[in-house]
Amino acid sequence: MRTASIARKTNETEIAVSIDLDGTGAHSMKTGVGFFDHMLDQLSRHSLIDMDVRRKGDLHIDFHHTVEDVGIALGQAIKEALGDKKGIRRYASCDLPMDGTLTRAALDVSGRAFLVFKAEFSQGKIGEIDTELFREFFQALAINAGITLHIENFYFDNNHHLAESMFKAVARALRDAVEIDPRTADRVPSTKGTL
């Protein structure tokens, strides 16, 4: 069973995340930030990773702590659920079109945390959420999951599509990378023998 549950409590937030890497994309998001919940729904649905995310905390200040702490907890859950990473495909990428928007996500489940983020929004907010927080989320996710993650937007027709294409592209790449390859199910995908 490639599952994990993480509870993260700080003076600012309480986050509870449960995942199943071998799920169907079933999800329940309760962060208190509507557009962020919508993006997390996309992440779950398109990765086929079951996700349950719950948040209590200081939304009255701003959404930064919630978004970052969800990224931290989700990354930790992914890392824990992957275990020794035997049999995973490890590498994956996705070029994701969404109407007039095209975004690429490429990742390596390497144990080496790194983020390259090449996307510039043309407005500071989508709904109530600051667009700069999407980079913060992916940074927290990559660091805590131990993955190398590259996100690049080539062009976009609106900011909603830009954000959504990022989450969907990462989801599709993550789905492929953590999937068990039946031809190498008993091996860690590295010449080092560990990731």
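## Loops, sheet and helices in a predicted model

Leu48 is partly exposed, with a relative accessible area of 28%. The structure described here is a predicted model, and Leu48 is a convenient place to begin reading it. This residue sits in the loop that links α1 (34-47) to β4 (50-57). Its backbone deserves attention: the phi angle of Leu48 is near 60 degrees, a positive value in a residue other than glycine.

A second residue may be described in similar terms. Asp99 belongs to the loop between β5 (91-98) and β6 (101-108), and its phi is near 55 degrees, again a positive value in a residue other than glycine. Asp99 is exposed, because its relative accessible area of 66% is over the limit of 50%. A glycine with positive phi can be added to the list: Gly83, which follows α2, has a phi near 60 degrees.

| Residue | Place | Phi |
|---|---|---|
| Leu48 | loop between α1 (34-47) and β4 (50-57) | near 60 degrees |
| Asp99 | loop between β5 (91-98) and β6 (101-108) | near 55 degrees |
| Gly83 | follows α2 | near 60 degrees |

The discussion now turns to the sheet. Strands of a sheet pair through backbone hydrogen bonds, either parallel or antiparallel. In this model, four strands form an open sheet in the order β1-β2-β4-β3, and the pairing is mixed. Which strands stand at the edges? They are β1 (3-9) and β3 (27-30); each has a single partner strand, so one side of each is left without a neighbour in the sheet. From one strand to the next, the twist averages 5 degrees.

The pairing of β1 can be followed in detail. β1 and strand β2 (residues 13-20) run antiparallel and are joined by seven bridges. Within this pair, Ile6 has Val17 of β2 as its bridge partner.

Two helices pack on the sheet. α1 touches β3 and β4, and its direction makes about 160 degrees with that of β3. Helix α2 (residues 64-82) touches β1, β2 and β4, and its direction makes about 35 degrees with that of β2.

How far apart are the end C-alpha atoms of α2? The 19 residues of α2, at 1.5 Å a residue, should span 27 Å, and the end C-alpha atoms are 27 Å apart, which agrees. Helix α2 is also mostly covered, since 14 of its 19 residues are buried, that is, under 20% relative accessible area.

How values were computed:
Residues are numbered from 1 along each chain as its sequence is written. This is a predicted model: local features need pLDDT of at least 70, side-chain atom pairs count only at pLDDT 80 or more; totals for chains, interfaces and linings use all residues. Side-chain values use heavy atoms; hydrogens and water are left out. Buried means under 20% relative accessible area, exposed over 50%, partly exposed in between (1.4 Å probe, protein chains only). Two strands pair if DSSP finds at least two bridges between them. Axes are lines fitted to C-alpha atoms, for helices over the stretch in contact, and angles run from 0 to 180 degrees between N-to-C directions. Contact means heavy atoms within 4.5 Å. The expected span of a helix is 1.5 Å times one less than its number of residues.
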